Amino acid sequence: MRRIGLIMHGVTGRMGLNQHLVRSIAAIRAEGGLRLANGDRVMPDPILVGRDGGKLEALARAHGIERWTTDLDAALANPDDTLFFDAGTTLMRADLISRALDAGKHIYCEKPISDDLETAVALARKAKASGLKNGVVQDKLFLPGLRKLAMLRDSGFFGRMLSVRGEFGYWVFEGDWQAAQRPSWNYRKADGGGIILDMLCHWRYVLDNLFGSVKAVSCLGATHISERVGEDGKPYAADADDAAYATFELEGGVIAHINSSWTVRVRRDDLVTFQVDGTHGSAVAGLTRCWTQHRVNTPKPVWNPDQPQTIDFYRTWDEVPDNQVYDNGFKIQWEMFLRHVIEDAPWQYTLVEGAKGVQLAVLGLKSWQERRWLDVEPLEV
């Protein structure tokens with residue numbers, strides 16, 4: 001059994017804990033390690049790093065992890081730990097990654113990798129020049145629903161793809177009479193909050209990899225709720241955007257429109273859905289499920305506002321079956337990156353891709369400010 005030492009920072013937060021620690025690294029450890037191409041197994045040996053020693057100790061004990069520390073410098077100085085992972089706040093990330101690169105660590109991190117493009121590009125260049133392995137989380141590509149969309153695309157099901165319609169979001173409670181489901185920093189500009197910075201980084205890799213490279217963007221943001229209640233029970237000014245309405249021109253003439261909102265009540269199949277329409281067929285996918293409608297099965301509605309609709313449109317779609325087992329998307333990408341570090345397996349989701357996400361978010365914010373379309377130029381990294 002081989003060992004790989006991981007420095008895991010930011011695992012006391014929601015995503016770092018649930019998806020990266022519990023459902024990825026702890027799950028791999030529970031399975032007896034990661035199997036490599038030659039049949040060997042590698043066991044991740046994490047050290048949990050953060051500011052709250054009590055929380056770290058409790059997490060380590062709960063998940064059978066032996067090591068934790070509040071001393072990041074000491075962790076980075078340990079040559080036996082070769083990979084640094086960060087799931088902390090956005091404003092901390094670039095400095096942490098830079099320090100880890102200086103310490104000679106391979107890098108894997110959450111997105112966005114920064115809140116400004118210049119820093120993101122500089123970070124990607126530094127990682128590229130270092131020769132160290134580096135990657136950024138692109139989790140939505142590994143969702144069962146989107147993997148089914150990719151299968152449909154690859155099979156030629158859509159014919160010529162025409163458009164993509166995305167709906168993302170849910171109601172995040174204001175924190176007064178019900179606790180908020182997201183941390184308060186998400187709603188403060190000074191702390192790196194805002195849904196455009198958060199979600200347009202996701203939409204960049206989803207659009208680029210599934211439907212066509214993003215060529216231009218038009219985005220309108222909004223701060224629909226201007227005051228919320230924080231974790232301390234006190235009101236605070238929520239000045240970051242909590243909704244974004246964005247249209248994208250993609251390579252090949254595909255038009256995509258995605259609404260992202262923390263101020264919307266859900267009446268759809270899932271918290272995120274994508275409808276893809278093509279000349280030969282259409283599909284609607286959520287996080288796990290996907291439905292299709294081929295052109296030979298498309299009903300023929302007639303507009304008549306004077307009588308109730310007679311077609312049950314939901315029943316005219318067929319569900320794509322689960323013909324394979326889909327593991328947790330975060331875990332799948334962790335396994336891919338660990339194989340990349342250990343045996344140089346193929347990997348494409350580098351910090352350059354992270355910088356592309358920041359580029360689209362920055363352009364989205366600028367488009368909103370200037371009220372105009374903006375081209376998405378190739379990044380020179």
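Strands β15 (residues 281–285) and β16 run antiparallel and are joined by five bridges. This is a predicted model. The two strands belong to an open sheet of nine strands, whose pairing is mixed. Two helices, α6 and α7, also touch strands of the sheet.

**The β15–β16–β17 end of the sheet**

- A hairpin links β15 to β16, and four residues make up the connection.
- One bridge pair is A285 with C290, the latter in β16.
- β16 covers residues 290–294 and is mostly covered: four of its five residues are buried.
- β16 also pairs with strand β17 (residues 318–319), in the antiparallel sense, over two bridges.
- There, T292 has D318 of β17 as its bridge partner.

**The whole sheet**

- Read across, the strand order is β17-β16-β15-β14-β8-β13-β12-β9-β18.
- β17 and β18 (374–375) are the edge strands, and each pairs on one side only.
- Strand β8 (residues 161–169) and β13 run parallel, with seven bridges between them.
- Within this pairing, R165 stands opposite H257 of β13.
- In a regular strand, side chains alternate between the two faces of the sheet.

**Helices on the sheet**

- Helix α6 lies across β8, β14 (272–278), β15 and β16.
- The direction of α6 makes an angle of about 25 degrees with β16.
- Helix α7 packs on the sheet and touches β8, β9 (214–222), β12 (243–250), β13 and β14.
- The direction of α7 makes about 150 degrees with that of β13.

**How α6 meets α7**

- Helix α6 spans residues 144–155, and helix α7 spans residues 195–210.
- Their axes come within 11 Å and cross at roughly 25 degrees.
- Angles under 35 degrees count as roughly parallel, so α6 and α7 are roughly parallel to each other.
- On the α6 side, L146, A150 and R153 make the contact.
- On the α7 side, the contact residues are V206, N209 and L210.
- By type, the residues of this contact divide into four nonpolar, one polar and one charged.
- An α-helix has 3.6 residues a turn, so residues three or four places apart point the same way.

**I258, a residue in the sheet**

- I258 sits in strand β13 (residues 255–261).
- Is I258 buried or exposed? Its relative accessible area is 2%, so I258 is buried, the cut-off being under 20%.
- Setting aside neighbours within four places in sequence, I258 contacts G166, W203, L207, A244, Y245, A246, F248 and F274.
- I258 and L351 are 93 residues apart along the chain, and their C-alpha atoms are separated by 24 Å.

**Helix α9**

- Helix α9 has 20 residues, running from 351 to 370.
- How far should α9 span, at 1.5 Å a residue? The expected value is 28 Å, and its end C-alpha atoms are 28 Å apart, which agrees.
- R371 follows α9, and its phi is positive, near 55 degrees.

**Q19, a residue in α1**

- Q19 lies in helix α1 (residues 14–30).
- Q19 has 15% relative accessibility and therefore counts as buried.
- Beyond its neighbours within four places in sequence, Q19 is in contact with R14, S24, N328 and F330.

Terms used. Residues numbered from 1 in each chain as written. Predicted model: local features only at pLDDT ≥ 70, side-chain atom pairs only at ≥ 80, totals over all residues. Heavy atoms only, no water. Expected span 1.5 Å × (residues − 1). Axes fitted to C-alpha atoms, helices over the stretch in contact; angles between N-to-C directions. Parallel < 35°, antiparallel > 145°, perpendicular 65-115°, else oblique. Contact = heavy atoms within 4.5 Å. Nonpolar A, V, L, I, M, F, W, Y, C, P; charged D, E, K, R; others polar. Buried < 20%, exposed > 50% of the residue type's maximum accessible area, 1.4 Å probe, protein only. Pairing = 2+ DSSP bridges.
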